[in-house]
Each structure stands twice: as structure tokens, then as C-alpha cells.
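Hi there,

As promised, here is the structure we talked about. Have a look first, and my notes on it follow below.

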Amino acid sequence: AARRLFAEQGYHGTAVGDVCDALGVGKGVFYWYFESKEELFRELLRTSLYELRRAQEQAIEGVSDPVDRLEKGIRASIDFFRNDPGLLELIRIAARYEEFAGVVTESHEIVVADTATHIKDGMAAGEIRHGDAELMAHGVLGAIFHFVETYFGIEGTAADRPELADEAVAFCLRGMLT
């Protein structure tokens, strides 16, 4: 309920009372679990980013080819945002506030490191051209996020772009492959 409210009303537009009303509980119950609205938002953001990472990990589990891992990870990311556009709004909100931006930055650093590992594996296998794997990983992350921002950031356009994952994979991999 809080996640939906934050996505719809923004951080400052959502009060603890709104969350409690949506859940049908008193404020005492809220404060039993969270010290503040800030703590709730931070936890929602961390949990959501963890769920995204878990979806990526599940998509590449057991896949030995590094290029296939990259492709499946990109597709999992696009699908995750398609199925849960509220996460995009949480990230947007977090980026505007210093107290939350660190959570997003930390998550991005983890994803970049993981992606760079797959890119290095692809370089070692001769499938990906040699270059700066970390820079390439930042490019992949940036491209995916830009695609998601552009096509899922406007209500209703996610369904209008079923080919988005195909285009994201083609765009991201084409620049890296040998």
C-alpha cells in the first residue's frame, strides 16, 4: 500500500496516516515496525531493488554463455519494470532526495560490477570485444534505464512496446560483440 501511495502521490505527498488508512490500521501499528516515513521509504526502495536483482539472478541462473547471461539479464530487467512500473517511480523519487540517493547508487554499483563480470567473461571467450568492461556495464545499465524511463514512464505505453526488450538487447549487445 505504501509503495503504491508513494508512486502515486510522491514522497512528501504521502503521509504516515495515508498508509495507515490504506491498510486499515492505526498509527501505533505503523510505528511498531518503522520509526518514520523515511525508514519505510528506504526499506521499500531496498526491497524493490533487491527483487529486481533477484529477478535478474533467476533469469541467468545456470546459463554458461556470458552473452546469453547479458541478454537474459537485460530481458529480466525490462520485464521487471514492465510488470512493476511503481519501482521506476520509487527510483525517481529517491534520486531527488539526498537521504535516499545512496540506496540507488549502491544498487547501481552492484549491478555494474555484476554486468562487468559477464562482459569480462565474454571478452575471455572471444565473444565480446576487448575494452573497459566497467564502462560498458555502465552503458548497458544506462541504456536499459533510459528505455524504461522513456517507454514505461508514461502511463499506458508499456503495453504499446512489446518489442522493447528485443530492442534493448540488440542495442546493448551490438556495441559489445566481436
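The largest nonpolar core holds 52 residues, and F41, L45, I78 and I119 touch the most other members of it. Please keep in mind that this is a predicted model. The elements that give two or more residues to the core are α1, α2, α4, α5, α6, α7, α8 and α9 (164-174). The most comes from α8, which gives 10 residues.

L45 is a good place to zoom in. Leaving aside neighbours within four places in sequence, L45 is in contact with L90, I91, A94, F100, V103 and V104.

L45 and F41 are both among the buried residues of helix α4, so I looked at that helix as a whole. Helix α4 runs over residues 37-60, which makes 24 residues. From first C-alpha to last, α4 reaches 35 Å, close to the 34 Å expected at 1.5 Å a residue. The buried residues of α4 are K37, L40, F41, R42, L44, L45, S48, L49, L52, R53, Q56 and I60. An α-helix has 3.6 residues a turn, so residues three or four places apart point the same way. What do the buried residues of α4 pack against? Their partners are α1 (2-9), α2 (16-23), α3 (27-33), α5 (66-83), α6 (85-96) and α7 (98-124). Just after α4 comes G62, with a positive phi of about 80°.

One charged residue may catch your eye: R3, in helix α1. Is R3 buried or exposed? R3 counts as buried because its relative accessibility is 17%, under the 20% cut-off. Not counting residues up to four places away in sequence, R3 touches L44, S48, E51, D84, L87 and L90. Two of those names, L44 and S48, also appear among the buried residues of α4.

Now for the pockets. The largest pocket has a volume of about 410 Å³. It is lined by 25 residues, and the closest to its centre are Q56, G73, S77, V111 and T115. Q56 is also one of the buried residues of α4. Helices α4, α5, α7 and α8 (133-152) each supply at least two residues of the lining. Which helix gives the largest share? That is α7, with 7 residues. By class, the lining of this pocket has 14 nonpolar, 7 polar and 4 charged residues.

Happy to go through any of this with you whenever it suits.

Best wishes

Terms used. Residues are numbered from 1 along each chain as its sequence is written. This is a predicted model: local features need pLDDT of at least 70, side-chain atom pairs count only at pLDDT 80 or more; totals for chains, interfaces and linings use all residues. Side-chain values use heavy atoms; hydrogens and water are left out. Helices (H or I, at least four residues) and strands (E, at least two) are DSSP runs, numbered from the N terminus. The expected span of a helix is 1.5 Å times one less than its number of residues. Buried means under 20% relative accessible area, exposed over 50%, partly exposed in between (1.4 Å probe, protein chains only). Contact means heavy atoms within 4.5 Å. On a 1 Å grid over the protein atoms alone, a cavity is a set of points where a 1.4 Å probe fits but cannot get out, and a pocket is an open set with protein on both sides within 12 Å along at least five of seven lines; lining residues have an atom within 4 Å of a point. Grid points are joined across faces, edges and corners, and a volume is the space filled by probe spheres set on the points. Ala, Val, Leu, Ile, Met, Phe, Trp, Tyr, Cys and Pro count as nonpolar, Asp, Glu, Lys and Arg as charged, and the others, Gly among them, as polar. A nonpolar core is a set of buried Ala, Val, Leu, Ile, Met, Phe, Trp, Tyr and Cys residues joined through side-chain atoms within 4.5 Å.
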